[in-house]
Amino acid sequence: MKGNVVIITGASRGIGAALARHLAGQGALLALVARDRPALEKVAAECVAAGARAEVIVADVAEEAQCRRMVEHVLASFGRIDTLVNNAGATMWARFEDIVDLSILERLMQVNFMGAVYCTHHALPHLKATRGRIVGVASLTALTGVPTRSGYAAAKHAMRGFFDSLRIELEDSGVTVTMVYPGFVSSGIRENAAGPDGRPILVSPVKEGEVMGVEECARIIAKALAGRRREVVMTLRGKIGALLRFVVPGVVDRVARRAIEKGR
């Protein structure tokens with residue numbers, strides 16, 4: 001990835017920040033995108049210390065105009081785009097029947113799905129020019145239903161369908177699409193998950209010390225995008241579930257429920 005111009009959305013913390021640090025060590029040229037400028041600047045400084053060039057771009061991917069300006073900024077700074085990592089995401093933790101403000105679901109769809117659509121749409125002509133890479137960081141919830149995550153699962157299912165379709169359209173273009181399906185990752189996203197009232201729950205319901213570390217997740221993603229892999233399902237439970245959901249879907253449902261109840 002040395003010299004590869006990489007856009008990473010959601011780069012201010014969690015998986016995005018860890019991936020930025022990992023690619024910085026490989027000599028990538030990084031465009032780091034998120035809403036939190038101070039957090040982005042901290043990640044950028046870490047990347048620069050590792051010997052990489054890193055550009056900070058403050059943008060909300062839920063807004064198409066900001067995605068367009070972000071792509072224009074990258075082109076003005078680097079002259080091209082080689083890789084787009086659609087990593088920005090928001091989540092929830094509430095039973096559907098308990099939600100009092102349905103705008104929570106609209107926001108989840110805008111950030112997780114439409115954010116990836118907007119960024120990809122505006123970057124695509126430039127990715128075709130470089131025969132580049134598109135990466136979608138989804139979740140195991142894109143492969144099966146998960147209780148308390150209905151809106152998040154819906155957005156990630158949409159993301160999966162979009163990128164699987166786009167991959168076929170781009171087959172002769174030289175642009176590859178890699179979909180990534182992490183399980184629980186100790187990324188910090190759950191502390192900001194929307195509860196039934198729309199406010200962040202602040203305390204993670206997951207046993208963070210017993211799930212995959214963010215650096216390991218970033219390493220797996222970096223290897224997958226460098227190798228232009230079609231998709232990566234990160235956990236053994238996820239791989240087994242992907243095989244079983246068409247044969248014994250009730251068993252997969254029970255596994256998903258227990259995972260949420262146990263928080264790992």
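Visitor: How far from Lys156 is the nearest side chain of opposite charge?
Guide: This is a predicted model: local features need pLDDT of at least 70, side-chain atom pairs count only at pLDDT 80 or more, and totals for chains, interfaces and linings use all residues. Residues are numbered from 1 along each chain as its sequence is written, and side-chain values use heavy atoms, without hydrogens and water. Lys156 is buried (under 20% relative accessible area, 1.4 Å probe, protein chains only), yet has no salt bridge (a side-chain nitrogen of Lys or Arg within 4 Å of a carboxyl oxygen of Asp or Glu). Lys and Arg count as positive, Asp and Glu as negative, and the nearest opposite charge, Asp60, lies at 13 Å.

Visitor: Which residues does Lys156 touch, beyond those up to four places away in sequence?
Guide: Lys156 sits in helix α5, residues 150-169; helices are DSSP runs of H or I with at least four residues, strands runs of E with at least two, numbered from the N terminus. Contact means heavy atoms within 4.5 Å. On that basis Lys156 touches Asn112, Val137, Ala138, Ser139, Thr141 and Ala142.

Visitor: What is the strand order of the open sheet?
Guide: The sheet has 7 strands with parallel pairing. Two strands pair if DSSP finds at least two bridges between them. The order is β3-β2-β1-β4-β5-β6-β9.

Visitor: Why is one side of β3 and of β9 left without a neighbour in the sheet?
Guide: β3 (53-58) and β9 (231-233) stand at the sheet's edges. One side of each is left open in the sheet because each has a single partner strand.

Visitor: At about what angle does α6 run to β5?
Guide: Helix α6 (214-226) lies across β4, β5, β6 and β9. Axes are lines fitted to C-alpha atoms, for helices over the stretch in contact, and angles between N-to-C directions run from 0 to 180 degrees. α6 runs to β5 at about 150°.

Visitor: Which element gives the most residues to the largest nonpolar core?
Guide: A nonpolar core joins buried Ala, Val, Leu, Ile, Met, Phe, Trp, Tyr and Cys through side-chain atoms within 4.5 Å. The largest has 38 residues, and Ile221 is among those with the most contacts inside it. The top contributor, with 8 residues, is α6.

Visitor: How far apart in space are Ser77 and Ala31?
Guide: Ser77 is found in helix α3. In sequence, 46 residues separate Ser77 from Ala31. C-alpha to C-alpha, the distance is 9.0 Å.

Terms used:
Buried < 20%, exposed > 50% of the residue type's maximum accessible area, 1.4 Å probe, protein only.
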